[in-house]
Structure formats: C-alpha cells, structure tokens
Amino acid sequence: MDLNHIHLHVRDISRTRRFYETWFGFAKETVKEDGFLIVQNAERFDLAFNEDAHPAPFPRWFHIGFRLPSREAVRRLHKRMTVRSVAITKPLEDHGSWMSFRCADPDRYPIEVYFE
C-alpha cells in the first residue's frame, strides 16, 4: 500500500500547477473540472488542487517532502530555485547522513527537499 495523493486548496490553480510542474515534475493532467485539477508525476503520485480564495494554512510543523536521488540533485535544485526567486524558507543544510532545504509554494505551503 502506498500513499498516492495530496489534496491542497489553492488561490490560483494555474499558478500552483506551473510551480509543481516546473520544480517537481507534476506534468500529467488527469482530471480537470471547474475549480478542481489533478496532476500527476512520473511515479503516478497525484496532486489535487481545489481553488479557494482563503486556503487554510498547515500547522507550523507540517510540510510536504520530496526526496531526491543525490546530494548533488538537492544542491542543483536549491541553486535553480534561488536564481528564480522561489521563496527559500530554510537554508540548504548538510546534516551528515542527510541534506535538506525548505521552500514555499505559491500559497506558502511548506516543502522540504532532501536526500538521505
């Protein structure tokens, strides 16, 4: 059994879709209805977006995580995001057995990018 989707309420579906497609590979559209969209990555994980003028924030401790295949992949993504002015909310840190940084999506949902 695998976790297979996350459902987010977002202010602007198009803007949020571009963010997750650009940075995390969610390029395949599987469902599109008025105010609702599901996109999928190569591993067939679904991100569902509902348009909502006032999405509720996550608890401070909650975040979405993307594990990358290497330290170098984390460094490269961090550099690309920094150059493109993506909000980096926690700096790139090497913890020995793992490396990570955090950024925020267009609705300020926290995302951890890491390798372990």
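User: Before we look at helix 2, what's the expected span of a helix?
Analyst: The expected span of a helix is 1.5 Å times one less than its number of residues. Helices here are DSSP runs of H or I with at least four residues, strands are E runs of at least two, and both are numbered from the N terminus. Mind that this is a predicted model, where local features need pLDDT of at least 70, side-chain atom pairs count only at pLDDT 80 or more, and totals for chains, interfaces and linings use all residues. Residues are numbered from 1 along each chain as its sequence is written, and side-chain values use heavy atoms, leaving out hydrogens and water.

User: OK, so what span should helix 2 have, and what does it have?
Analyst: Helix 2 (residues 71-83) has 13 residues, so it should span 18 Å, and its end C-alpha atoms are 18 Å apart, which agrees.

User: Which residues in helix 2 are buried?
Analyst: Ala73, Val74, Leu77, His78 and Met81 are buried, meaning under 20% relative accessible area with a 1.4 Å probe on protein chains only (exposed is over 50%, partly exposed in between). Those buried residues fall within an arc of 130° seen down the axis of helix 2, so they line one face. The arc is taken from the directions from the helix axis to the C-beta atoms.

User: And what's on the face turned away from the buried side?
Analyst: The exposed residues Lys79 and Val83 are there.

User: Switching topic, how many aromatic pairs does the structure hold?
Analyst: The structure holds 11. Rings of Phe, Tyr and Trp (its six-membered ring) pair if their centres lie within 6.5 Å; planes under 30 degrees apart are stacked, over 60 edge-to-face, the rest tilted. One of the pairs is Tyr20 with Phe49, tilted at 5.8 Å centre to centre and 35° between the planes.
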